[in-house]
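Okay, everyone, thanks for coming. I'll put the model up, and then we'll walk through it together.

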Amino acid sequence: MRNPLFLVTLYLVLNFTSCDLSQEVFDDAVAVWDFSGKAREIQPAGGWLDAGQGQHGELNLAGKNITLFARVRATDVSSFSPVLSKAGTDQNIAYRIALHPTEEGVFVEAVIGSDEIAGAHLLRHKLQDSEFYVWHDILFRFNGQTSQLFVDGVLRDEEVTAGEIRDWNRRPLLIGAQYKKEYGYAEGPDDQVEFTFTGFIERVALWQKSLSDKEIMKLCKVRELKDGTPAYYTEKYRPQFHFTAKKHWLNDPNGLVYFDGVYHLFFQYMPPHRPGAYKDWGHAISTDLVHWEQIPHHITPHKVWSGCWSGSAVVDHNNVAGFQAGDKKTIVAFLTNGGHPGSGLGPLCTQCIAYSNDGGMTFTYYDQNPVIRHIMHENRDPKVVWDEQSGKWIMSLFMDKEYDFGLFSSENLKEWKYLSTVSLQGVRECPGFEPLPVDGDPHNKKWMLLGANGDYVIGSFDGTVFTPETEVLRGDYGTNFYAVHTWSDERGGRCVLIAWMPTQRYPGMPFEQQMNFPAEITLRTTSSGIKAFRMPVREIRHLYDTQYSWPAQIVTGKKEIRELTGDLYDLDLELDVSRTHSFELALRDVTLTYNATKQTISCGGPPVRNGIIPDDWVVADPSKITPVNNLGEAPLPSKDGKISLRILLDRNTIEVFGNYGEIVISSCFMPGENPPVYSIASKGELQIVKADVHSLTSAWNIK
C-alpha cells in the first residue's frame, strides 16, 4: 500500500541543507526526493510511493535530454524490483530504473520509451554476487542520440537511442513499484500495482537535461568517470574475422556503399525490448573490408513511417536528387519503412529515402516520402543500381507475391516508374540486380538477378524487361547464408558481396548472428554455361600471420597436421583425387569429406542449436554426416583429376570455396572444448599438389 507519511513530500522539489558538492547538481533537478536521515529506513516493499505527475506535470519528462538518478540498497533481489517507474510495460513505459534477476544473474536496468518507435530502449549491467546488497548510485542519461548507464560512477552500458522520450504517458511516477495494467491512467489501488522493491532508497532525482560528466562525478562522488563497459570482441565464441555487432541481434546487411575511401556496412540491428518491425540500420565502417569499426551513427525508425526494413544506398555523383549541400556528394539510402497502420504508424511497407551530406554519418528523411507507395502485401527490400545503357537508376523490389520481383526506373532517385516483373523460382526477398562483365570483358556484360538465399539467374536487360538466359542456379550450399547484398560504387569496379549467417545464439555471448566474409563475384563461362563464381576478397591478406606450405606428397591412410594448432586459418589446396575413393579433412570441430565416386564435397560438424550441441551429435566421429550434423553438400567435379579448395576457418565458421568459387559452402558450427585437431585421411592415394596455409590474426582492433 502507499506510505502516506511521504505522500505530500513526494510532490515537492526539496531543498537540501547538505554541504556536499552534489547539492548544486540537485538544485538544477526538476524533482528530488530525499529519504536520508530517519526516512532512510523506508522500505517501499511495505509501502510503495505514488509521486503523481508533479505539481505542474514536471514528472512527465519530454524531449531528447533527460537524466534519472537513484541511490539504493536492496535487501532482496529474488524478484523484479523497480526503483522508480513511470508506467509499466515496454509499449507504454516512459522511464524506469530497476533491479532485475534473470537466469544469467542480477542486472541493474534503465529503460526509456521512445516516442518514435514501439518498445523501449534498455541498458543493463550485471552485478557481481558481492554487489547485490550494497549501496549503489544508479544514473541514466540520454542526450537525444546516445543513452548511457552509470553505476557508482562507472559507465556500464550505452546504446544508440532514437527519438524523444515517450511524452504521452500520463500515469503517476511510482517509487518502489510498477503499475500492472497495460494502458490508461491508473488511480493507484493496490490491485493495479505489481512488483515492489525490497530495500532502502535514499535519494531519487530527475533532470530535464543530460548531465555533464563533471556533474555525474559530483553526484557519484568520484574523481573520474571510468569506462567499465565489457571488453567486447574477445569472447569465447566471437568470430574473429567475420563481422558481428558489438552486442545484440543483427541480420540483413543494408545500404552497402563505398564512399571517399570508406566501406559502409549498415545492417538490421535489434536493440533489446524492440519489436522486430522496428529495427535500426546499425552502422560499421572499414577501409579494407576486413577491419570493421561499429559506430554510433544509425539510421533509426522514423516517427511517421515506422521501422527501418532492409534496403540499399548509392552515391548521387551528379546530384540528380538535388539533396547535395556543400562539396561532398550525397549518399542516398533506400529503405522499406514497415509501417503499422493499425497503430497509426504510417502505411504498410512503402519505399522511402534518406540522404546524407556528411559521408554517411547522419541521414535526413526526405520530406516527400514515400517515393514508392504500398503496392501489395509486404513488398520490400529495394536495391538500386545505375544502368549505363539506359542512363537511368534501376530498382529491384521484392513484391511479396510468390517469387515475384518488380523492376522500376528513375532519373532523379525520387520519382520511380514501374517497368516489369520477373519471377525467380524458389527465391524470395532481398533482391540484387546488376550488370557484370563475362570473363572480365567489359564489352560483354550480363545481368545477374539474385535473391536472399543467393540463388540467381543470368540474362539480358533492355532497360525495361529482364530476360533470363539460365535456370535458377544455386548460390550457396551451406546452412547459414541469407539476405545477400552487394556494395555500390566499389573501388576497382568489383562486385563485392556479403550475407547474413543466421544461427541460434551462442551461449553467454553479448552478440547474436554474424556476417560471412566479404567475397567478390565474377561471371565466367563454363562447359554448362555462364555461372557466378565467388571468392574471398583479396584484402584478407591483411590478416595473414604465419604461412605453412607443404611440398607435393601422397597421402594414404590418416595423417595429422601438427603444424596447425590455432583457430583461424585461410587454406589454399590443390588436390589430385584421381586415385582415391574419398578423403576427409578434419579442421577442428568440422570435417570436409570428398567422395571421388559421386564427385561431391560435404561438410559435417556440430550445428548451432539453441547454443548447445544436440544430444544425437556424435562427437567422436564428425565425418559421418547425418541430417543432424550436415553443414552442407555440393557437387564438385574434378577437372583433369584435380579439385581446388579454398577454406576460411574462423572460431565458429567455415566457408569452403570449391574449384575457384564455382561452389561455396557457408556454415556456422558450435566450437568444442577440446584442443584443436587437424588431420587428413584418404581411402586410396590422395596427391597433395599444393598446400598453402596462412594463420590469421584477429580483425578486431581491440584497444
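**A walk through the model**

Let me start with Gln-599, which is partly exposed, with a relative accessible area of 22%. On that scale, buried means under 20% relative accessible area, exposed means over 50%, and partly exposed is in between, using a 1.4 Å probe and protein chains only. Gln-599 sits in the loop between β41 (590-595) and β42 (600-604). Its phi is near 60°, a positive value in a residue other than glycine. I point that out because most residues other than glycine have a negative phi, and most peptide bonds are trans.

Before going further, some housekeeping. This is a predicted model, where local features need pLDDT of at least 70 and side-chain atom pairs count only at pLDDT 80 or more, while totals for chains, interfaces and linings use all residues. Residues are numbered from 1 along each chain as its sequence is written, and side-chain values use heavy atoms, with hydrogens and water left out.

How confident is the predictor? pLDDT is its confidence in each residue, from 0 to 100. The protein averages 89, and 90% of the residues score at least 70. There are weak spots, though: residues 38-42 stay under 50, and the model has 12 contacts for them beyond four places in sequence. Residues 610-620 are also below 50, and that stretch has 19 contacts beyond near neighbours in sequence. A contact here means heavy atoms within 4.5 Å.

Now the overall picture. The protein has 2 helices and 47 strands. These are DSSP runs numbered from the N terminus, with helices being H or I of at least four residues and strands being E of at least two. The C-alpha atoms fill a box of roughly 90 × 60 × 45 Å, taken along the principal axes. With 703 residues, a compact globule would have a radius of gyration near 27 Å, and the protein's 29 Å agrees with that. The radius is taken over C-alpha atoms, and the globule rule is 2.2 Å times the number of residues to the power 0.38. Of the 703 residues, 59% count as buried. Among contacts between residues at least 6 apart in sequence, 63% join residues at least 24 apart.

Next, one of the helices. Which residues of α2 (213-220) are buried? They are Glu-215, Ile-216, Met-217, Leu-219 and Cys-220. What covers them includes α1 (23-26), β3 (66-74), β8 (136-142), β9 (146-151) and β14 (199-207). Just after α2, Lys-221 takes a positive phi of about 55°.

A couple more backbone oddities. Asp-640 has a positive phi of about 55° although it is not a glycine. Asp-640 is in the loop between β43 (630-635) and β44 (642-649), and at 78% relative accessibility it counts as exposed. Then there's a cis peptide bond joining Asn-369 and Pro-370, with omega about 0°. Pro-370 lies in the loop between β23 (364-365) and β24.

On to the holes. Rolling a probe the size of a water molecule over the atoms shows where empty space is left. A cavity is a set of points, on a 1 Å grid over the protein atoms alone, where a 1.4 Å probe fits but cannot get out, and lining residues have an atom within 4 Å of a point. Grid points are joined across faces, edges and corners, and a volume is the space filled by probe spheres set on the points.

How many cavities of 30 Å³ or more are there? The count comes to 4. The largest holds about 140 Å³ of space. Its lining has 17 residues, with Gly-454, Tyr-456, Gly-475, Ala-532 and Arg-534 lying nearest its centre. β37 (529-536) is among the strands that each supply at least two of these residues, and β37 gives the most, with 3. By class, the lining of the largest cavity divides into 11 nonpolar, 3 polar and 3 charged. Here Ala, Val, Leu, Ile, Met, Phe, Trp, Tyr, Cys and Pro count as nonpolar, Asp, Glu, Lys and Arg as charged, and the others, Gly among them, as polar.

The second largest cavity has a volume of about 80 Å³. It is lined by 13 residues, and Pro-253, Ser-310, Gly-311, Cys-430 and His-485 lie nearest its centre. That lining has 6 nonpolar, 4 polar and 3 charged residues.

Key: On a 1 Å grid over the protein atoms alone, a cavity is a set of points where a 1.4 Å probe fits but cannot get out, and a pocket is an open set with protein on both sides within 12 Å along at least five of seven lines; lining residues have an atom within 4 Å of a point. pLDDT is the predictor's confidence in each residue, from 0 to 100.
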